[in-house]
Amino acid sequence: MRLVMVGSGYVGLVSGACFADFGHDVICVDKITEKIDALNAGKVPIFEPGLRELIQTNVAAGRLGFSTDLTQSVADADVVFIAVGTPSRRGDGHADLAYIYMAAEEIARAVSGYTVVVTKSTVPVGTGDDVERIIQKTNPRADVDVVSNPEFLREGAAISDFKRPDRIVLGTDSERAEEVMRMVYRPLYLNEAPILVCERRTAELIKYAGNAFLAMKISFINEIADLCEKVGADVQKVAKGIGLDKRIGDKFLHAGPGYGGSCFPKDTLALVKTAQDYEMSLDIIEATVAFNDKRKRAMARKVIAACAGSVRDKKVAILGLTFKPNTDDMREAPSLSIIQALQDHGADVHAYDPAGMESARGYLEAVTYGESPYNIAEGADALVIVTEWDEFRALDFSLLKNIVRAPVLVDLRNVYAEAEVTNAGFRYVGVGR
Ligand SMILES: NC(=O)c1ccc[n+]([C@@H]2O[C@H](COP(=O)([O-])OP(=O)(O)OC[C@H]3O[C@@H](n4cnc5c(N)ncnc54)[C@H](O)[C@@H]3O)[C@@H](O)[C@H]2O)c1
């Protein structure tokens, strides 16, 4: 089948490369010329484990290509996926659908023959109806079905998530479109990935409800972590104890600095806004959002407390900047608020991240970047683990003890057992322990 991905970011590129790997002919389109030029020159503009190799193999096999020419690419396509960004709209937190609407208009002008247009981007309930209306208005002769097919991949494990999904959600009431989409996902279907077919609005809501639930689960364990600190309990054992209950499950129960990233913050906010449009409030999700916002600056206060109540003119070494390991994505990373709060209190912030430093420069000011954890630890008054990259899981504390100014480790991801660190002469501060 001939597929087009409109938008070649984290979702478009991974989905496009995986579909090509299934045997489809795929063109990934983007309007950023430099991105497409880089891809055509064999460079991958994002860091995602395994993606470069997957792209190389499928380009070499002639199944995957990149273009800025949406019109030509879409003209021959059986299925066109919209995978453009849906960031928070400045000012009110609604999902900004400008890129979606623009893509829908461009697609409408370019389609020929029966085409399934699929929203893979995360979009509020009713956006599929808008896309359908825009296409019909722009090109009344277009023979198109609009399907919702939300994407659930996680950055850092995107390829395996895409190839072994927990489920595939298809929102459509067109049998013809459903048949086409089943062909698109046939290799996964053969692997017995469950396919849930439902009404389009339901599919759109599944994505938001799923992300809101996961965000709530993270905030829940973080709140329990705060209680653990007050009452002298260990949140990791509590998480294990409740996670073994199959009704709860052990995923997303790691206490930490709060959720971030390109999805949870904007999607929880957009869901709250959707409810407000329908004159209701989503109290649990609103509480989740508010709790998470507060939490990031609270983590900075934890660092300040570990530095005897002040970080003024002290050197704080931040280990990890991205919102999670194995990505270079800095969108809404907790490190951003934590570093800002530390700088507001006069700290001299030095940072190291295995993949995120280039991107971080666009978000942070007055941070000194280093080449390794040891490099930034020199003369530091505190080391702070913000992102749990593997590289930080076996630090040499006896070496670090000799180069820091004050041996203090604030471990916001509970990577280490306290004794391991204190035995090396460090003071240890974790989360919820
Ligand atoms: N990143 C994730 O982990 C993830 C996971 C699941 C779902 N999603 C959702 O998928 C969507 C895309 O997210 P992303 O992280 O890939 O975004 P992204 O910002 O990395 O990529 C979007 C790309 O679309 C391009 N684009 C915008 N308008 C275009 C147009 N008219 N024609 C061609 N290209 C255009 C942009 O230039 C950009 O390269 C969002 O709705 C997001 O919520 C993201």
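This text walks through a predicted model, from its ligand site to its helices and a few single residues.

Start at the ligand. A shell of 26 residues surrounds the ligand. The closest are Asp30, Lys35, Thr86, Glu155 and Lys266. Two of these names return when polar atoms are paired up. The side chain of Lys35 places an N or O atom 2.6 Å from an oxygen atom of the ligand. The side chain of Glu155 has an N or O atom 2.7 Å from a nitrogen atom of the ligand. Lys31 takes part through its backbone: one of its backbone N or O atoms lies 3.4 Å from a ligand nitrogen. The ligand on its own would expose 830 Å², and the protein buries 92% of that area. Two elements give two or more residues to the shell, helix H1 (10–21) and helix H5 (98–110). The mix of classes in the shell is 9 nonpolar, 8 polar and 9 charged residues.

Now follow H5 away from the ligand. This helix has 13 residues. From its first C-alpha to its last it reaches 19 Å, close to the 18 Å expected at 1.5 Å a residue. Its buried residues are Ile100, Ala103, Ala104, Ile107, Ala108 and Ala110. Seen down the axis of H5, these buried residues fall within an arc of 165°, so they line one face of the helix. Take Ile100, which sits in H5. Its relative accessible area is 0%, so Ile100 counts as buried, a label that asks for under 20%. Val147 stands 47 residues from Ile100 in sequence. In space, the C-alpha atoms of Ile100 and Val147 are 14 Å apart.

Helix H11 gives a second view of sidedness. It covers residues 235–243, and its buried residues are Val235, Ala239 and Gly243. They span an arc of only 65° around the axis, which puts them on the same side of H11. The other side of H11 has exposed residues: Lys237, Lys240 and Gly241.

Next come the loops. Which loop holds Glu279? Glu279 is placed between helix H12 (264–277) and helix H13 (283–306). Its phi is near 55°, a positive value in a residue other than glycine. Glu279 has a relative accessible area of 76%, and it is therefore exposed, since that label needs over 50%.

Asn326 also has a positive phi, about 65°, although it is not a glycine. The loop that holds Asn326 runs between strand E9 (315–319) and helix H14 (334–344). Is Asn326 buried, partly exposed or exposed? Its relative accessibility is 33%, so Asn326 counts as partly exposed.

The last stop is Asn414. This residue lies in the loop between strand E13 (408–411) and helix H18 (418–422). Asn414 is buried, with a relative accessible area of 7%. What does its side chain reach? The side chain of Asn414 comes to 2.8 Å from the backbone nitrogen of Val431. It also makes a polar contact with the side chain of Arg433, at 3.4 Å.

Look back once more at the ligand and H5. H5 gives two or more residues to the shell around the ligand. H5 also lines up its buried residues on one face, within an arc of 165°. Asn414 offers another buried position, placed in a loop.

How values were computed. Residues numbered from 1 in each chain as written. Predicted model: local features only at pLDDT ≥ 70, side-chain atom pairs only at ≥ 80, totals over all residues. Heavy atoms only, no water. Near = heavy atom within 4 Å. Polar contact = N/O pair within 3.5 Å; in protein donor to acceptor, adjacent residues only side chain to side chain. Areas by Shrake-Rupley, 256 points an atom, 1.4 Å probe, with all protein chains shown as cover. Helix = DSSP H or I, 4+ residues; strand = E, 2+ residues; numbered from the N terminus. Nonpolar A, V, L, I, M, F, W, Y, C, P; charged D, E, K, R; others polar. Buried < 20%, exposed > 50% of the residue type's maximum accessible area, 1.4 Å probe, protein only. Expected span 1.5 Å × (residues − 1). Arc of directions from axis to C-beta.
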